[in-house]
Amino acid sequence: MLHTVNKSPFEKTSLDTCLRLVRTGAVILLIEDAVYAATKNTVIEAKIKRALTQNRIYVLGPDLDARGLQDSEIIDGIEVVDYGGFVDLAGEHRNVQSWF
Amino acid sequence: MKFGIVVNEGPYTHQASDTAYQFTRAALEKGHEIVRVFFYHDGVNNGTRLTTPPQDDRHISKRWSELAQEHDLDLVLCIAAAQRRGIVDEDEAKRHGKDANNIAPGFRISGLGQLIEASIDADSLVSFGD
């Protein structure tokens, strides 16, 4: 399953809920304000790194750009995709679960 | 691949309708089919033709209309959500005694059954909201 999260983890608990319920091997895509979760040196970096041992995590590049974030600021192991990559991820999985 | 798209948020307040549009466009560019875009809750506000953003800003409803024309998309506004928010087509305007309609080109008003049908017809239903 593909899980999309669109809220900043510093404002809402959507990402926490997603990480709590996500199954091993499922894929997470961080979009909109959730792209902040992908940045290095935050209070949730350790949580993200733990999740990366069980799940692939992607982040939407155009949403990083829109917030002035550089690829170099992204936690190692998180892959940047564009909208086409988002479509590919949605196509590769039977279901897309959006966490708002 | 057949995608169904659900948009639950209005334009200019959340990024959801922008993301939905960009996803839909990217899917079409990759040759996928969009069986329907269903606008629910505040998402129906994407479908008014009276919206007039500043010239240097994106025109969200026009952008949907153009994409619909280009790719023969089925853009459906939930009827109950649309009525609450004052979005009417010609028939609805007549039925409720309104002096005008405001639905944008390429959109149509219908019921929640269209969302269920899209979820059945599509391989995958992708929701955008807040």
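**Two chains and a helix crossing**

Hi everyone, let me start right at the meeting point: Tyr83(A), Gly84(A), Phe86(A) and Val87(A) in H4(A) touch Gln22(B), Phe23(B), Ala26(B) and Ala27(B) in H1(B). Sorted by class, this helix-to-helix contact holds six nonpolar and two polar residues, with no charged ones. Before I go on, please keep in mind that this is a predicted model.

How do these two helices sit against each other? Two packed helices are described by the angle between their axes and the distance between those axes. Here, the axes of H4(A), residues 83–92, and H1(B) come within 8 Å and cross at roughly 75°. With angles of 65 to 115 degrees counting as roughly perpendicular, H4(A) and H1(B) are therefore roughly perpendicular to each other.

Now let's step back to the whole chain–chain contact. Chain B contributes 16 residues and chain A contributes twelve residues. On chain B's side, the elements giving two or more residues are helix H1 (16–29) and strand S5 (124–128). Which of them gives the most? That is H1(B), with five residues. The side of chain B that touches chain A is made up of seven nonpolar, seven polar and two charged residues.

Next, a quick look at chain A by itself. Chain A has four helices and five strands, and along the sequence they follow the pattern β-α-β-α-β-α-β-α-β. Its radius of gyration is 12 Å, close to the 13 Å that the globule rule gives for 100 residues, so chain A is as compact as a globular protein of that length. The C-alpha trace spans about 30 × 30 × 25 Å along its principal axes. Of the 100 residues in chain A, 39% are buried. Among chain A contacts between residues at least 6 apart in sequence, 68% join residues at least 24 apart.

Over to chain B, and to its sheet. In what order do the five strands of this open sheet run? The order is S4-S3-S2-S1-S5, with parallel pairing. S4 and S5 of chain B are the edge strands, each pairing on one side only. On average, and ignoring direction, neighbouring strands are turned by 25° against each other.

Let me walk you through some of the pairs, beginning at the S4 edge. S3(B), residues 75–78, pairs with S4(B) in the parallel sense over four bridges, and Leu75(B) has Phe107(B) as its bridge partner in S4(B). Phe107(B) also belongs to the covered face of S4(B), together with Ile109(B), while Arg108(B) and Ser110(B) form the uncovered face. In S3(B), both faces are covered: Leu75(B) and Leu77(B) are buried on one side, and Val76(B) and Cys78(B) are buried on the other.

Moving along, S2(B) and S3(B) run parallel and are joined by three bridges. Here the bridge partner of Phe39(B) is Leu77(B) in S3(B).

At the other edge, S1(B), residues 2–7, pairs with S5(B) in the parallel sense over five bridges. One of the residues to look at there is Val7(B), whose bridge partner in S5(B) is Phe128(B). Packing on this sheet is helix H5(B), residues 113–121, which touches S1, S2 (33–39), S3, S4 and S5 of chain B, and its direction makes about 155° with that of S2(B).

And S5(B) brings us back to where we started: along with H1(B), it gives two or more residues to the side of chain B that touches chain A. Thanks for listening!

Definitions and conventions. Residues numbered from 1 in each chain as written. Chains lettered and ligands numbered in written order. Predicted model: local features only at pLDDT ≥ 70, side-chain atom pairs only at ≥ 80, totals over all residues. Rg over C-alpha atoms; globule rule 2.2 N^0.38 Å. Buried ≥ 20, exposed ≤ 12 C-beta atoms within 10 Å, placed from the backbone. Contact = placed C-beta atoms within 7 Å. Nonpolar A, V, L, I, M, F, W, Y, C, P; charged D, E, K, R; others polar. Pairing = 2+ DSSP bridges. Axes fitted to C-alpha atoms, helices over the stretch in contact; angles between N-to-C directions. Parallel < 35°, antiparallel > 145°, perpendicular 65-115°, else oblique.
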